[in-house]
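Let's take a walk through this model, stopping at a few spots along the way. Have the viewer ready.

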Amino acid sequence: MKFNVFIYLLAGFLLAASCSKSPKNSPVTTPVTVVPGPPLPNTVDKTDTLNIMAYNVLKYGDGCQGSTDTLNGYLKTIIQYIQPDLFSFEKMAAFDPTMTGANNLAANINSNALDVVFPGRYAYATPTNSARATDMAVLFYNKQKLTYVKTVILEANVTDFDLYKLYYNDPNLSITHDTTFIYALINHTQSGSPSTTRDIQVSMEMQDLRTKFAYLPNLVNMGDFNTHNSYEQGYQSIITSADTTTKMSDPPFYPDKSVSYPAEWENNTVLFGPFLTTTTRALPNVPNSCGTADGAKSWYDHIFISPWLVNGSNYLRYIPNSYKTIGNDGHRMGVDINSTSPVINTSAPMQVLNALFQFSDKYPITIKLQVKANRNAYSIADPKERN
């Protein structure tokens, strides 16, 4: 009898261990694939989608393109169509995040654009501007799906490169106590030629990221990188690494394999037509004199993803071929986004194309992530954050 009791106790211990989360301070330095146990009682099976967007909003708030009220009108149309869940706005006019009212541009957008089309859905993460730049980036999120944890300034070089930590509002979290985190690193690098400054910015950012994490968690690295080709040192610092667990992927190249390296998207735009993000406008003074012209001519904006997101290692997985340049049908080189030449643009409704034309000279880009609810309180260890 005593032997049987011992067997029962041992079995119970092993079952409990199989349903516990790997410790956050685990010495594991590389992800380990685990076989999940059976679903816990009262957990629900749910598959969700997170729509991720990066968008250069062309000096929103400095009056260059008009009032924020006017721009918010266009933004409402854009958000209602795209319905992003986690999205960065780069190149907003600099503001003090502690301010209230219309002078807080993030709060202005949230109250007068986002809340108008989707009441109570969105919030913004705390932004920074320690570099004291004239423009800054802000991360917004769907608070019905995500909860904001913190902001870390990963690098402050010309502009701030902020790393945001959030977690998915898993319906089983109160039972499993096993949190699925997602990190977003937001970029707006130095434009122009040569690429020297932005190469330093991004290379330092990636060095800081690899110092902070022994291996990359669920992470998107997104924004306006101002890259002219894949040869630039900054771009290479993202997609190459001696340690494959810290190498990031540009989805159209991998895993989608829609295009291939080496890539000269400014010198051979035809090969990259659907992915070009600069510019929505053909003329330098229409609809205003803010921004750049000549139609879709380069691919500045990217959303890079970590190996975990490529492989679906920890409840989040990139949905293949979900990368989109919203409003770009692949025929916009040298013409406006809403031009009927050389063909009518049917990639989005005309009111959306017109709003994108008026709101910014950049196309927004999006990816989709599939997220699975955690039902067994088991996952591979998140990398410990180093200071």
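Tyr-315 is a buried residue, because its relative accessible area is 18% and the cut-off for buried is under 20%. This is a predicted model, so keep that in mind as we go. You'll find Tyr-315 in the loop that links α7 (307-311) to β10 (316-318). Check its backbone, too: phi of Tyr-315 sits near 75°, which is positive even though the residue isn't glycine.

Asn-42 has a backbone angle of that kind as well, with a positive phi near 70° in a non-glycine residue. Is Asn-42 buried or exposed? With a relative accessible area of 71%, Asn-42 is exposed, given that exposed means over 50%. Its home is the loop between α1 (2-18) and β1 (47-60).

While we're on backbone matters, have a look at the cis peptide bonds. One joins Tyr-261 to Pro-262, with omega at about -5°. Pro-262 lies in the loop running between α6 (233-239) and β9 (301-305). Another cis bond goes from Ser-341 to Pro-342, and there omega is near 0°. Pro-342 belongs to the loop between β11 (324-325) and α8.

That loop brings us to α8 itself, and to the way it packs on α2. Helix α2 covers residues 68-82 and helix α8 covers residues 350-359; their axes come within 9 Å and cross at roughly 135°. The two helices are therefore oblique to each other, since the roughly antiparallel class only begins over 145 degrees. As for handedness, α2 and α8 cross in a left-handed way. On the α2 side, the contact uses Leu-71, Tyr-74, Leu-75, Thr-77, Ile-78 and Tyr-81, while α8 brings Gln-351, Val-352, Ala-355, Leu-356, Gln-358 and Phe-359. Sort the residues of this contact by class and you get nine nonpolar, three polar and no charged ones.

Helix α2 has another partner, α3 (residues 105-117): these axes also come within 9 Å, crossing at roughly 50°. That makes α2 oblique to α3, as 50° fits neither the roughly parallel class, under 35 degrees, nor the roughly perpendicular one, 65 to 115. Here the crossing is right-handed. From α2 come Thr-68, Asn-72, Leu-75, Lys-76, Ile-79 and Gln-80, and from α3 come Leu-105, Asn-108, Ile-109, Asn-112, Ala-113, Leu-114, Val-116 and Val-117. Between α2 and α3 the contact residues split into eight nonpolar, five polar and one charged. Leu-75 is worth clicking on, as it is listed in the contact with α8 and in the contact with α3.

Now step off α2 into the loop between α2 and β2 (86-93), where Gln-83 is located. Gln-83 counts as partly exposed, with a relative accessible area of 37%. Which residues does Gln-83 contact, leaving aside neighbours within four places in sequence? They are Asn-51, Phe-118, Arg-121 and Tyr-122. For a sense of distance, Gln-83 and Gly-330 are 247 residues apart in sequence, and their C-alpha atoms are 22 Å apart in space.

Next, the interior. The largest nonpolar core takes in 55 residues, and the ones with the most contacts inside it are Leu-86, Leu-139, Leu-209, Ile-367 and Leu-369. Strand β7 (residues 181-188) supplies the largest share of that core, six residues. There is also a second, separate core of 35 residues, which includes Met-92, Leu-105, Phe-118 and Ile-337. Back in the largest core, take Ile-367: beyond four places in sequence, its contacts include Leu-50, Ile-52, Val-220, Pro-251, Ile-303, Ile-305 and Tyr-318.

Our last stop is Leu-163, which is placed in strand β6 (residues 159-168). Leu-163 is buried, with a relative accessible area of 2%. Its C-alpha atom is separated by 6.7 Å from that of Ile-186, 23 residues away along the chain. Not counting residues up to four places away in sequence, Leu-163 touches Lys-150, Thr-151, Val-152, Tyr-183, Ala-184, Leu-185, Leu-209, Lys-212, Phe-213 and Leu-219. Leu-209, you may recall, is one of the residues with the most contacts inside the largest core.

Key:
Residues are numbered from 1 along each chain as its sequence is written. This is a predicted model: local features need pLDDT of at least 70, side-chain atom pairs count only at pLDDT 80 or more; totals for chains, interfaces and linings use all residues. Side-chain values use heavy atoms; hydrogens and water are left out. Axes are lines fitted to C-alpha atoms, for helices over the stretch in contact, and angles run from 0 to 180 degrees between N-to-C directions. Helices (H or I, at least four residues) and strands (E, at least two) are DSSP runs, numbered from the N terminus. A crossing is left-handed if the near helix is turned anticlockwise from the far one by less than a right angle, and right-handed if clockwise. Contact means heavy atoms within 4.5 Å. Ala, Val, Leu, Ile, Met, Phe, Trp, Tyr, Cys and Pro count as nonpolar, Asp, Glu, Lys and Arg as charged, and the others, Gly among them, as polar. A nonpolar core is a set of buried Ala, Val, Leu, Ile, Met, Phe, Trp, Tyr and Cys residues joined through side-chain atoms within 4.5 Å. Buried means under 20% relative accessible area, exposed over 50%, partly exposed in between (1.4 Å probe, protein chains only).
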